[in-house]
Amino acid sequence: MMSSPSSSCGRQSVQVPDDADFAAFRRECQAEAGWSLTHSKAGLLVWVQHDGPGPDNAPAAAPGTLQRIKCRMDCKDVSAETLYDVLHDIEYRKKWDTNVIETFDIGKLTVNADVGYYSWKCPKPLKNRDVITLRSWLPMGDDYIIMNYSVKHPKYPPRKDMVRAVSLQTGYLIEGKGAKSCTLTYLAQVDPKGSLPKWVVNKSSQFLAPKAMKKMYKACVKYPEWKQKHNPHFKPWLFPEQNALPSLALSDLAIQHADSLENIDESSLSETKDDRADGSDEDSVN
């Protein structure tokens with residue numbers, strides 16, 4: 001069984017999450033004890049946990065490093081089903097996620113688990129990051145969970161032009177609130193690999209995370225119309241028989257331990273003028 005989010009560093013082998021793991025992730029998304037609220041505006045909340053001992057007695061995060069972040073957003077006029085589709089639809093993500101550099105699926109493990117690659121732009125002058133993750137998902141009536149953690153795949157080693165980050169436990173809880181409304185909770189425990197300057201930590205929790213959530217909401221509103229024009233019946237996350245990815249064995253993968261990766265010291269870097277790297281709020285997805 002995969003470890004719960006609070007003990008994710010202790011994971012010793014690659015496993016597909018089971019029902020207990022999904023239940024533990026849901027509890028963590030809904031918990032408020034131990035979290036500090038840093039943003040509350042217009043139905044969008046952001047909490048963080050700074051520093052302190054890491055999971056399973058792992059070393060404490062470096063001072064100023066954001067260890068965990070949790071965002072919650074009320075989504076009016078968006079059904080839980082639509083939000084679930086948007087989070088899965090990799091072709092649509094390339095349209096609305098202006099931070100993405102490259103993303104693709106590598107292979108499938110089960111009908112509700114796969115392995116994929118994602119790279120993203122970081123605030124200048126930091127180096128961009130990438131990650132290989134085992135992603136799994138579970139529909140639960142009106143609610144849905146999608147979560148991931150980092151793995152190693154022999155064909156996709158760390159790249160020289162990127163910093164390989166490590167997702168200890170990252171995911172989404174979607175809670176349906178009727179036919180046209182839902183609540184999204186995003187929980188991320190990511191080691192960005194590197195001693196990050198404090199301005200990055202502050203920008204992540206105060207600006208970048210809320211902005212990303214708002215951008216996702218706008219993408220959800222536009223998704224039904226977009227999907228009607230782009231292979232409308234292709235949803236392999238709902239219909240596994242549509243999934244043409246090559247099958248992977250768990251033995252093909254290994255746990256991506258953060259301490260095995262190069263550490264990049266970016267703590268002395270100063271923020272540069274925004275060069276629109278994170279895109280405009282009005283980006284078209286049509």
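**Exercises on a predicted fold**

Asp 130 and Arg 164 form a salt bridge, their closest N and O atoms being 2.8 Å apart; the term covers a side-chain nitrogen of Lys or Arg within 4 Å of a carboxyl oxygen of Asp or Glu. The model is predicted, so local features need pLDDT of at least 70 and side-chain atom pairs count only at pLDDT 80 or more, while totals for chains, interfaces and linings use all residues. Residues are numbered from 1 along each chain as its sequence is written, and side-chain values use heavy atoms, with hydrogens and water left out.

**Exercise 1. Take stock of the whole protein: how many helices and strands does its secondary structure have, and what percentage of its residues count as buried?**

Step 1. Start with the elements: there are four helices and eleven strands. Both are DSSP runs numbered from the N terminus, with helices (H or I) of at least four residues and strands (E) of at least two.

Step 2. Turn to burial: 50% of the 286 residues count as buried. Buried means under 20% relative accessible area, exposed means over 50%, and partly exposed is in between (1.4 Å probe, protein chains only).

Step 3. Look at the surface: the protein exposes about 13600 Å², and 52% of that comes from carbon and sulfur atoms. These areas come from the Shrake-Rupley method with a 1.4 Å probe, and for residues only the protein chains shown count as cover.

Step 4. Finish with contacts, meaning heavy atoms within 4.5 Å. Among those between residues at least 6 apart in sequence, 66% join residues at least 24 apart.

**Exercise 2. Explore the interior: which element gives the largest share of the largest nonpolar core?**

Step 1. Find the core, a set of buried Ala, Val, Leu, Ile, Met, Phe, Trp, Tyr and Cys residues joined through side-chain atoms within 4.5 Å. The largest one has 31 residues, and Leu 83, Leu 87, Ile 174, Leu 184 and Met 216 have the most contacts inside it.

Step 2. List contributors: elements that give two or more residues include strand 2 (44-50), strand 3 (66-76), helix 2 (80-88) and helix 4. Helix 4 supplies the largest share, seven residues.

Step 3. Zoom in on helix 2: eight of its nine residues are buried, so the rest of the structure largely encloses this helix. Among the buried ones are Leu 83, Asp 85, Leu 87 and His 88.

Step 4. Follow Leu 87 outward: leaving aside neighbours within four places in sequence, its contacts include Arg 93, Ile 146, Ile 174, Leu 184 and Met 216. A second, separate core has 13 residues, including Leu 109, Tyr 117, Ile 132 and Leu 248.

**Exercise 3. Sort the aromatic pairs: how many does a search of the whole structure find?**

Step 1. Count: the search finds eight. Rings of Phe, Tyr and Trp (its six-membered ring) pair if their centres lie within 6.5 Å; planes under 30 degrees apart count as stacked, over 60 as edge-to-face and the rest as tilted.

Step 2. Classify Tyr 92 and Trp 226: their ring centres are 4.7 Å apart and their planes at 50 degrees, so this pair is tilted. Tyr 92 lies in helix 3 (residues 90-96) and Trp 226 in helix 4 (residues 198-229), 134 residues apart.

Step 3. Check burial: Tyr 92 is buried at 0% relative accessible area, and Trp 226 is buried at 4%.

Step 4. Try Phe 104 and Tyr 156: this pair is tilted, with 5.6 Å between centres and 50 degrees between planes. Phe 104 is partly exposed at 22%, and Tyr 156 is partly exposed at 28%.

Step 5. Look for a cluster: ring pairs link Tyr 92, Tyr 223 and Trp 226.

**Exercise 4. Trace the charges: how many salt bridges does the structure hold?**

Step 1. Count: there are twelve.

Step 2. Take Asp 89 and Lys 227, whose closest N and O atoms are 3.5 Å apart. Asp 89 sits in the loop between helix 2 and helix 3, and Lys 227 in helix 4, 138 residues apart. Both are buried.

Step 3. Next come Arg 93 and Asp 97, which meet at 2.8 Å, N to O, and are both buried.

Step 4. Return to the opening pair: Asp 130 and Arg 164 are both buried. Elsewhere, salt bridges that share partners join Glu 102, Arg 159 and Asp 161 into one network.
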